[in-house]
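Biologist: Got a minute to go through this one with me? I'd like to start with the overall picture and then poke at some details.

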Amino acid sequence: MQNVKGTYDYFGREQAIRQRVRSTLSELFELYDFESMDTTLLNELELLTSKYAGGDEILREMYQLTDQGGRQLGLRYDLTIPFAKVIALNPGIEFPYKRYEIGKVFRDGPVKKGRLREFLQCDADVVGIAGPQGEAELMQLAAEAFRRLEIPVIVKWNNRRFLGEILTAVGVPAEEHLSVMLTLDKLAKIGSRGVLTELEGKGTVPVAVSALAELLNMNAPSFEELAEKYGLGGQPGALEVLALQRLIAEIGLAETCVFDPFLSRGLSFYTGTVYEIFDASGAYTSSLGGGGRYDSIIGKLVGREDIEYPTVGISFGMESIMALLGERPIREEASGVLVIPVGECMPQALTAAAAIRAAGIRTAVDAGKRKLKKTLAAASTKGIRYVILIGQSEAAEGKLRLKDMWQQSEELLTVEAAVAVIRK
């Protein structure tokens, strides 16, 4: 009996930490006025394999199945395409529309640290905002989320339209743009020599490879340097970069959000801004999240490319975040209250526990099978501050004994008085 490779069960301390991360993100999504959504795990295979959906690599990793009716289905490999489906199926939704979703997705790919086959994804998307406001607000959200999680991050960003304009300027044919972008996106992993070797292997025009070699040799070129070098100042992609760059600076995110002209991300559906989140210390190299603008998917899915659905989203890599947090000391939050029946007082213990829970206080009832000394020692180890003892004498008076494990004190109180002390 074993788990399927790349899948895990979570419980105890690890699950508590996962829940804390999840609740941090959910709370932040709500603060930013995003509406919760829950999309289907099972989807029509035709939707998931649409040319407007994921790239070839993701499609190779998709779990496919056939139901008893012979229908071709697939498990969702991300939360973006199911979200696009919801928008397409519900034309009455009022824009701009902001949603978030936290749910499991499935990919039959290689298993490594931070990359599983069944994993949790956390997405936030905005439909109906065409300008840089959508991107900037999601960058704000990401910066705040990782600040709350106490993870210093760098958000690298670029614009694929602008990158396409650079590729055109150096002689890469339009039909080869996506292929070249995917290779450039590997720069951090394989280095400039590896990028150029891969481009040559793909048959990229030699003059373009030579020009790209010159580009790669530039030391972290700024947007302004690139726009001037290739004469792109008035191009649509360049104007989009300029608008977002100014907004990022004005809202105080210039140090966190860094322009990276080689970033393109792997998915083919991005149409403009793209961004990826990394651990600022460099100790953890995998991405902690990413996203971008995908203005074309929804219209294409409904066969109405004449209708604009400007959309931008972000996805937080829960498993990568957990892998990073797992290497750091995590502050344990103290548990709630422990009620210990002494002798044959379980009914009174359960009654008291119900009253304390009704006050919104997390409460456990001890099974009463261990010696009291060992039970108290275990409670102290777990960080439980308040322990309630109910024996025959307490029960006879209709009261309970409240022990403060931190102050090493105790009082004989009614359950109402005990609740007031615990709350205080």
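Modeller: Sure, here is a quick run through the fold, one sheet and the cysteines.

Modeller: Keep in mind that this is a predicted model.

Biologist: Okay, how many helices and strands are there in the protein?

Modeller: The protein has 17 helices and 16 strands.

Biologist: And what radius of gyration does the protein have, against a compact globule of 424 residues?

Modeller: It has 27 Å, whereas a compact globule of that length would be near 22 Å. The C-alpha atoms fill a box of roughly 90 × 55 × 45 Å along the principal axes.

Biologist: What share of the residues counts as buried?

Modeller: 47% of the 424 residues do. The protein exposes about 21,500 Å², with 51% of that supplied by carbon and sulfur atoms.

Biologist: Switching to sheets: in which order do the 3 strands of the open sheet come?

Modeller: The order is E2-E4-E3, with antiparallel pairing. Strands E2 (42–44) and E3 (64–66) are the edges, each pairing on one side only. On average, neighbouring strands there are turned by 40 degrees against each other, ignoring direction.

Biologist: How many bridges join E3 to E4?

Modeller: 3 bridges join them. In one pairing, Thr 66 has Gln 72 in E4 as its bridge partner.

Biologist: Now cysteines. How many disulfides does a search of the whole structure find?

Modeller: The search finds 0.

Biologist: Why is there no bond for Cys 257?

Modeller: Because the closest cysteine sulfur, in Cys 122, is 19 Å from its own, which is too far; the cut-off for a disulfide is 2.5 Å.

Biologist: Is Cys 257 buried or exposed?

Modeller: Cys 257 is buried, at 5% relative accessible area. Cys 345 is buried too, at 0%.

Definitions and conventions: Residues are numbered from 1 along each chain as its sequence is written. This is a predicted model: local features need pLDDT of at least 70, side-chain atom pairs count only at pLDDT 80 or more; totals for chains, interfaces and linings use all residues. Side-chain values use heavy atoms; hydrogens and water are left out. Buried means under 20% relative accessible area, exposed over 50%, partly exposed in between (1.4 Å probe, protein chains only). Two strands pair if DSSP finds at least two bridges between them. Helices (H or I, at least four residues) and strands (E, at least two) are DSSP runs, numbered from the N terminus. Axes are lines fitted to C-alpha atoms, for helices over the stretch in contact, and angles run from 0 to 180 degrees between N-to-C directions. The radius of gyration is taken over C-alpha atoms; the globule rule is 2.2 Å times the number of residues to the power 0.38. Accessible areas come from the Shrake-Rupley method with a 1.4 Å probe; for residues, only the protein chains shown count as cover.
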